[in-house]
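Visitor: I am new to this structure and should like to look closely at a single part of it. Would you please take me through the disulfide and its surroundings?

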Amino acid sequence: AFGCFCTSHDRFALARTPEQCVLSGTVLNAVTNAGIPHALVSYGGPASGFRFTDTGGSFQVPDVPCSQYSLNVSKPGFLSERDLSPQFGNLFNPTGMGAVESDTAEQPWRRVQPAFFMVDAKPDSPPARLLLAPLSSLAGTVLDDNAEPLLGVAVQCMAVKASPDGPDYVPARTSRTDDRGGYAFLDLPPGDYVVRLAGEVSSTYYFVGSKLNPNNDHRGVQPVYYPGGD
């Protein structure tokens, strides 16, 4: 009798280790095009984990299976450019003209979500370019006509948004001045803003006849009455 032990070539092919690639990229400031150091990059796909970017904003994950990966990138003071587009939600206070809140208080609507990207890791793919938009801040001082600081003045920050009917004003932040008359609005998305005093945040509302004005001209200030004057 004659016997033969045979193994097909296809079985060896199926058992081969998947092709390995390098998952790499650079996290960049969308305004200055400079690398953002120490940004947290979490990746998911056939392999998962996280890396922090180096001083030049770059990261590298060697020896991962060649495939598509999802990346979540976070860095305090930055957000995804995608989040600046109106169709992806409102980063501002959804309650509108509500009570005045301290700008430093913990507010759920101010939490910035990580930026999301999809990248392909291939043998010849270049490092991914991941752009983050820097958040901004506005600060100032409220003084009276004698250049003395005003304490406890309600200050509102309004985002100026374009619309078919002209500029629209969206409430972004509210605060009150401190004992030196100072106020600050932190972590604002890039854009145009108007800062106003009092108005509706101090329970001043506008009426047309006996009805509340639904269009709200956003230019009012809290009434202050002097003898013989408006």
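Guide: What follows begins with the chain as a whole, turns to the disulfide, and then moves on to the sheet and the cores.

The model shown here is a predicted one. Its chain has one helix and 15 strands. Of the 230 residues, 33% count as buried. The chain exposes about 14700 Å², and carbon and sulfur atoms supply 54% of that area. Among contacts with a separation of 6 or more, 64% are accounted for by residues 24 or more positions apart.

The count of disulfides comes to one. The bond in question joins Cys-21 to Cys-66, with a distance of 1.8 Å from S to S. Cys-21 lies in strand S1, whereas Cys-66 lies in the loop between S4 and S5, so the pair ties together parts that are 45 residues apart in sequence. The torsion about the S-S bond is about 90°, and the disulfide is therefore right-handed. In general terms, such a link is a covalent bond between the sulfur atoms of two cysteines.

The two partners may also be described by their accessibility. Cys-21 has a relative accessibility of 4% and counts as buried. Cys-66, at 26%, counts as partly exposed. Buried here means under 20% relative accessible area, so the value of 4% places Cys-21 in that class.

Strand S1 also holds Ser-24. With a relative accessibility of 15%, Ser-24 counts as buried. Apart from neighbours within four places in sequence, Ser-24 is in contact with Phe-59, Gln-60, Pro-127 and Ala-128.

The loop that carries Cys-66 lies between S4 and S5, and S5 leads to the sheet. Four strands form an open sheet in the order S3-S2-S5-S7, with antiparallel pairing. Strand S3 (49-52) and strand S7 (115-121) stand at the edges with a single partner strand each, so one side of each is left without a neighbour in the sheet. From one strand to the next, the twist averages 25°. Strand S2, residues 40-44, pairs with strand S5, residues 67-74, in the antiparallel sense over five bridges. Tyr-43 stands opposite Leu-71 in S5. As a general matter, strands of a sheet pair through backbone hydrogen bonds, either parallel or antiparallel.

Leu-71 appears again in the largest nonpolar core, which has 22 residues. Leu-71 is among those with the most contacts inside this core, together with Leu-23, Val-27, Tyr-69, Val-73, Leu-130 and Leu-132. Strand S1 (20-29), S2, strand S4 (58-65), S5, S7 and strand S8 (128-134) are the elements that give two or more residues to the core. Its largest share, four residues, comes from S7.

One member of this core, Leu-130, merits individual attention. Not counting residues up to four places away in sequence, Leu-130 touches Thr-26, Val-27, Leu-28, Phe-59, Leu-71, Val-73, Phe-117 and Val-119. A second, separate core has eight residues, including Val-153, Cys-157, Tyr-183 and Leu-188. Within that second group, Cys-157 has 0% relative accessibility and counts as buried.

To return to the original request, the disulfide joins Cys-21 to Cys-66. Strand S1, where Cys-21 lies, is also one of the elements that give two or more residues to the largest core.

Key. Residues numbered from 1 in each chain as written. Predicted model: local features only at pLDDT ≥ 70, side-chain atom pairs only at ≥ 80, totals over all residues. Heavy atoms only, no water. Pairing = 2+ DSSP bridges. Axes fitted to C-alpha atoms, helices over the stretch in contact; angles between N-to-C directions. Core = buried A, V, L, I, M, F, W, Y, C linked by side-chain atoms within 4.5 Å. Buried < 20%, exposed > 50% of the residue type's maximum accessible area, 1.4 Å probe, protein only. Contact = heavy atoms within 4.5 Å. Areas by Shrake-Rupley, 256 points an atom, 1.4 Å probe, with all protein chains shown as cover. Disulfide = S-S within 2.5 Å.
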